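Reader: I've got a structure to look at and plenty of terms I don't trust yet. Can we go through them together?

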Amino acid sequence: MIPNEKEYLALRVPCDAKMAGAETTTAEPAAESNRRIKRAEGKRGKISGRDNTDAEGPKIAIFDYGAGNIFSLKSALERNGAASVSVIRSLQNLNRFNGLVLPGVGNFDPAIMSIRADRKRFVNAIDDGIPIMGICLGMEMLFDKSEEGSLDGLKIFDGKVMALPKTKVKVPHMGWNNLEINISRRSRLLEGVGNGVWVYFVHSYHAVPEDESIVMASSNYGVSIPAVIERDNLIGVQFHPEKSGTSGAIMIRNFLRMCKEQKITRAAE
Amino acid sequence: MPLAKRIIPCLDVDAGRVVKGVHFAKVKDAGDPVELAKRYSQQGADELVFLDITASQQKRDTMKGVVREVARVIDIPFTVGGGIKKLEDARDILLSGADKVSINTAAVKDPQLITQLMSIFGKQCVVVAIDAKRNYQVNKDKKRKQNIFKADRREYWFEVKIYGGMEGTGIDAIEWSKRVESLGAGEILLTSIDADGTENGYDIELVDAICKSVNIPVIASGGCGSPSHMFQVFKDTDVDAALAASIFHYDKSTVDKVKKYLMENGIKVRIE
């Protein structure tokens with residue numbers, strides 16, 4: 001028996017509650033934020049040149065489709081230098097944040113349903129240059145459509161999402177695979193990441209972009225899987241950087257650096 | 001390109017502390033789960049499995065706290081199993097930060113739970129743990145299919161056991177593995193009760209039979225006493241991962257040493 005819609009909704013996660021953890025604040029009150037900046041300024045007086053203190057890090061939002069565990073992702077962003085990580089259910093007031101992450105848990109149609117009312121805001125955010133990283137399903141959603149669902153994708157990238165070839169390989173593609181980096185292209189996410197590093201995949205579908213030039217790295221699993229796509233400040237990763245050990249941590253820090261640069265640029269405007 | 005063979009330390013947790021069962025009975029204290037998780041992750045473990053063996057229902061909530069702390073500190077995937085009876089239990093564990101839940105007895109009692117979990121959280125979150133043991137009472141009347149094996153002129157089949165290996169089900173493990181795959185399991189954690197705790201090596205016969213029956217990843221468990229046992233199971237079967245506990249807990253070996261040994265022997269493993 002597959003849960004009906006009512007049961008499904010009952011199992012959905014209350015936003016900013018359980019998953020985000022009662023012990024961490026999600027939307028930081030301004031007063032607290034100011035205090036932290038003051039604290040950090042005080043610290044800066046003593047230790048100049050340190051750029052990883054909390055208040056100097058970027059503020060990141062994770063868009064929550066309501067379908068699963070994003071605590072690990074939130075923790076990974078915090079561990080690697082985000083000043084705050086908020087779990088959001090709407091893309092309103094996105095300019096409060098320096099970066100947005102579309103996480104990689106759930107199914108295509110429900111995830112699209114949860115974000116499609118905000119598509120225009122999403123496109124505006126891309127145009128504004130806010131760094132955005134789609135992970136796994138979050139990357140697949142950027143395309144026109146997916147064999148996993150019947151709804152249209154966000155149609156940011158031309159191309160479709162197809163099922164992995166079940167006859168050739170075990171599906172889901174679950175485990176550690178090598179990243180084959182296209183060294184002729186310059187990826188900001190992959191700065192300092194060696195060719196062939198191991199990253200952790202969990203997926204049953206893969207993107208087939210029409211514009212091959214956005215593919216910065218791929219992995220081989222029965223077919224060649226676009227593993228990292230990048231266009232300006234928009235990034236998609238098919239694997240899970242938050243679960244990919246040291247190599248994944250480097251990529252998360254690279255993404256946070258992009259977010260921080262965007263923060264500085266915006267402050268200067 | 002084949003994936004790296006995964007090395008998975010397993011931590012049995014009782015009321016917030018790591019212990020290891022020998023033949024599912026006697027246990028010794030081996031430490032704090034969060035500390036061990038960090039240590040294994042730094043040593044290059046590819047994944048971790050936590051089995052909650054807490055008997056009392058009240059103390060069970062401590063597991064959620066453990067899961068949360070583990071999720072905060074490590075950057076590799078981890079699975080939590082033990083005592084998950086219903087959808088809400090699984091949901092609590094996943095939302096506390098676990099990447100996958102492993103269900104065993106509950107899956108046998110209510111196979112639809114596998115499908116429900118799959119449809120809400122995705123296949124990749126659903127691990128079905130199968131505890132199997134040789135049963136020498138071969139029933140020829142074929143009401144239920146039994147896949148018969150033969151050794152030393154004795155016939156047997158592999159029976160699925162539940163409640164920590166205490167209770168038989170009459171279900172054939174090979175048939176069950178196919179069924180859980182069709183119901184939506186994303187992975188099978190296969191424990192041989194005959195081999196578990198012996199430290200004489202994995203149950204190659206059982207592991208091979210299950211791997212040949214399904215097209216989802218299989219984790220071999222039970223019997224690992226040395227790195228050579230891991231080499232053996234990877235060489236002789238198509239298994240995706242090897243799980244072990246005691247060889248890591250008591251510093252008999254470390255994850256990095258095991259992986260170096262496997263790599264030198266031609267097994268593809270992840271070394272950063």
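Reader: What makes strand β8 (residues 149-151) of chain B and β9(B) a pair, and in which sense do they pair?

Author: Two strands pair if DSSP finds at least two bridges between them. β8(B) and β9(B) have 3 bridges, so they pass, and they pair in the antiparallel sense. One opposite couple is B:Ala151 and B:Arg154 in β9(B). Before we go on: this is a predicted model, where local features need pLDDT of at least 70, side-chain atom pairs count only at pLDDT 80 or more, and totals for chains, interfaces and linings use all residues. Residues are numbered from 1 along each chain as its sequence is written, chains are lettered from A and ligands numbered from 1 in the order in which they are written, and side-chain values use heavy atoms, with hydrogens and water left out.

Reader: What joins β8(B) to β9(B) in the hairpin?

Author: A turn with 2 residues between the strands, where B:Asp152 has a positive phi of about 50°. β9(B) also forms a hairpin with β10(B), with 4 residues between them, and there B:Tyr163 has a positive phi of about 50°. Antiparallel again, β9(B) and strand β10 (residues 167-172) of chain B are joined by 3 bridges, and B:Ile162 has B:Glu167 as its bridge partner.

Reader: Which strand pairs with β9(B) over 5 bridges?

Author: That's strand β7 (residues 126-135) of chain B, also antiparallel. In this pairing, B:Lys133 stands opposite B:Glu159.

Reader: Why is β9(B) called largely enclosed?

Author: Buried means under 20% relative accessible area, exposed over 50%, and partly exposed in between (1.4 Å probe, protein chains only). In β9(B), residues 154-162, 7 of the 9 residues are buried, so the rest of the structure largely encloses this strand. And what counts as a strand? It's a DSSP run of E with at least two residues, while helices are runs of H or I with at least four, all numbered from the N terminus.

Reader: Why is the link between A:Lys170 and B:Asp240 called a salt bridge?

Author: The rule asks for a side-chain nitrogen of Lys or Arg within 4 Å of a carboxyl oxygen of Asp or Glu. Here the N to O value is 2.7 Å, so the pair qualifies. The count between chain A and chain B is 3 salt bridges.

Reader: How many residues does each chain bring to the contact?

Author: Chain A brings 46 residues and chain B brings 47, with contact meaning heavy atoms within 4.5 Å. The two chains bury about 4,000 Å² between them, 54% of it on carbon and sulfur atoms. Buried area is the accessible area (1.4 Å probe) that two parts lose on being put together, summed over both.
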